[in-house]
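Please take a look at the structure shown below before reading on. The report that follows works through a few selected places in turn.

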Amino acid sequence: MKITEVRLGMISVPLIVPFKTALRTVNSVEDVVIEIHTDTGHVGYGEAPPTGAITGDTTGAIIGAINDHIKKVLIGREIDDFENLIKDMNGSIVKNTSAKAAVDIALWDLYGQLYKIPVYKMLGGSRKSIETDITISVNSPDEMARDAVSAINRGYKCLKVKVGSNPELDVARLAAVREVAPDALIRIDANQAWSPKQAVRILNQMQEKGLDIEFVEQPVKAHDFEGLRYVTQNSYVPVMADESVFSPMDALKIMQMGAADLINIKLMKCGGITNALKIASAAEVYGVECMIGCMLEAKISVNAAVHFACAKQIITKVDLDGPVLCSEDPIIGGAVFNEKDITVSDEPGLGIKGIEKIRYI
Ligand SMILES: C[C@H](N)C(=O)N[C@H](CCC(=O)O)C(=O)O
Ligand SMILES: [Mg+2]
């Protein structure tokens, strides 16, 4: 199976409601998709969202990285030469983790198709279904309480509550959500909005009020590993590193420092399944549980994250709500998303059959 062509396109999917975090507000998913074609007629699919506020990767940067750097190391290559192919792809340009993730996902898809086995089984997995949380965007306490009620009525048992814009409101936001969702598992995500001391004060206030937070994601700036450790050591609430962990190296450093209790692995931060496996292995060694997360992504790349999560028991928490936040699903095949319940596909590779409404570029 030899690579003959790399095609790029765009998909545009409106969200059901605007997605708001301390870092950005988004109304629709606008992602770059990649099709890697082969001489056997098999196609591998990948996807990358332009999450400039987090990864620094814009639509133009993703397209440029693939067209100007990555494509030339792919054309004419055998999929069976998998390790070299991935190594050369990663060596063709530094950073650009979203573009690399899209390509890495498409190559894993083809590798699974070559051997006629689903990717999660190639990775040794036997878990077939996982349960995701759903994000409650940061808004007024009343609006967040309304969104929480709607999520609970749709069957979600775990809410990921965004905080951090106007931090003085955050305790009231959590109190409003907890009041309407007394039995829900509640995790919060500050998306880097707090200072270390502010984080400890707010988190301890939340715990003293009995708001029962499972963990807090990325309370402080991504680069501030010392600040993250300060929060981990001084707060009652467990701390998860998200934007602080892009690479396996970052994960190792965070775990060696004891800077966080938990790690959020996202394919778009680490460059795909290959590096996600390295982070998971390091976390297994340190006994640090991980969450599998996503950006605002449609089903191609989130489906790849599902395969990875189904294969790794160190992934004990799931935040793969990208597809259920979308008002429609233009992706044919792949995992089945039924609100919180996600079931992996047993088709070879990643099981994607095609994309509706793709705009080729
Ligand atoms: C979509 C997911 N539940 C989520 O909240 N991810 C964010 C970043 C998403 C984005 O801004 O595209 C996170 O965990 O920080
Ligand atoms: Mg986060």
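Leaving aside residues up to four places away in sequence, Lys266 touches Gly293, Cys294 and Met295, where two residues are in contact if their C-beta atoms, placed from the backbone, lie within 7 Å. This is a predicted model, in which local features need pLDDT of at least 70 and side-chain atom pairs count only at pLDDT 80 or more, while totals for chains, interfaces and linings use all residues. Residues are numbered from 1 along each chain as its sequence is written, and chains are lettered from A and ligands numbered from 1 in the order in which they are written.

For "active site", an unreviewed UniProt entry lists Lys162 and Lys266; such positions are given in the numbering used here, feature names are shortened, and the annotations may be inferred rather than shown by experiment. The table sets out the place of each of these residues, with helices (H or I, at least four residues) and strands (E, at least two) being DSSP runs numbered from the N terminus.

| Residue | Strand | C-beta neighbours inside 10 Å |
|---|---|---|
| Lys162 | E6 (residues 158-162) | 24 C-beta neighbours |
| Lys266 | E10 (residues 262-266) | 28 C-beta neighbours |

Lys162 counts as buried because it has 24 C-beta neighbours inside 10 Å, given that a residue is buried if 20 or more other C-beta atoms lie within 10 Å of its own, exposed if 12 or fewer, and partly exposed in between. Lys266 counts as buried as well, because it has 28 such neighbours inside 10 Å. Residues up to four places away in sequence again set aside, Lys162 touches Lys20, Thr21, Thr135, Ile136, Ser137, Val138, Asp189 and Asn191.

The largest nonpolar core has 126 residues, and Leu159, Val177, Ile263, Cys290, Ile292, Ala305 and Val306 are those with the most contacts inside it; such a core is a set of buried Ala, Val, Leu, Ile, Met, Phe, Trp, Tyr and Cys residues joined through C-beta atoms within 7 Å. Helix H3 (residues 97-114) gives the largest share of this core, 10 residues. At least three residues of this core come from each of domain 1 (3-116) and domain 2 (121-355), the bounds being taken from an automatic or database domain assignment.

Strand E1 (residues 3-20) pairs in the antiparallel sense with strand E2 (residues 25-38) over 13 bridges, where two strands pair if DSSP finds at least two bridges between them. A hairpin of 4 residues joins E1 to E2, and Ile11 stands opposite Asp31 in E2.
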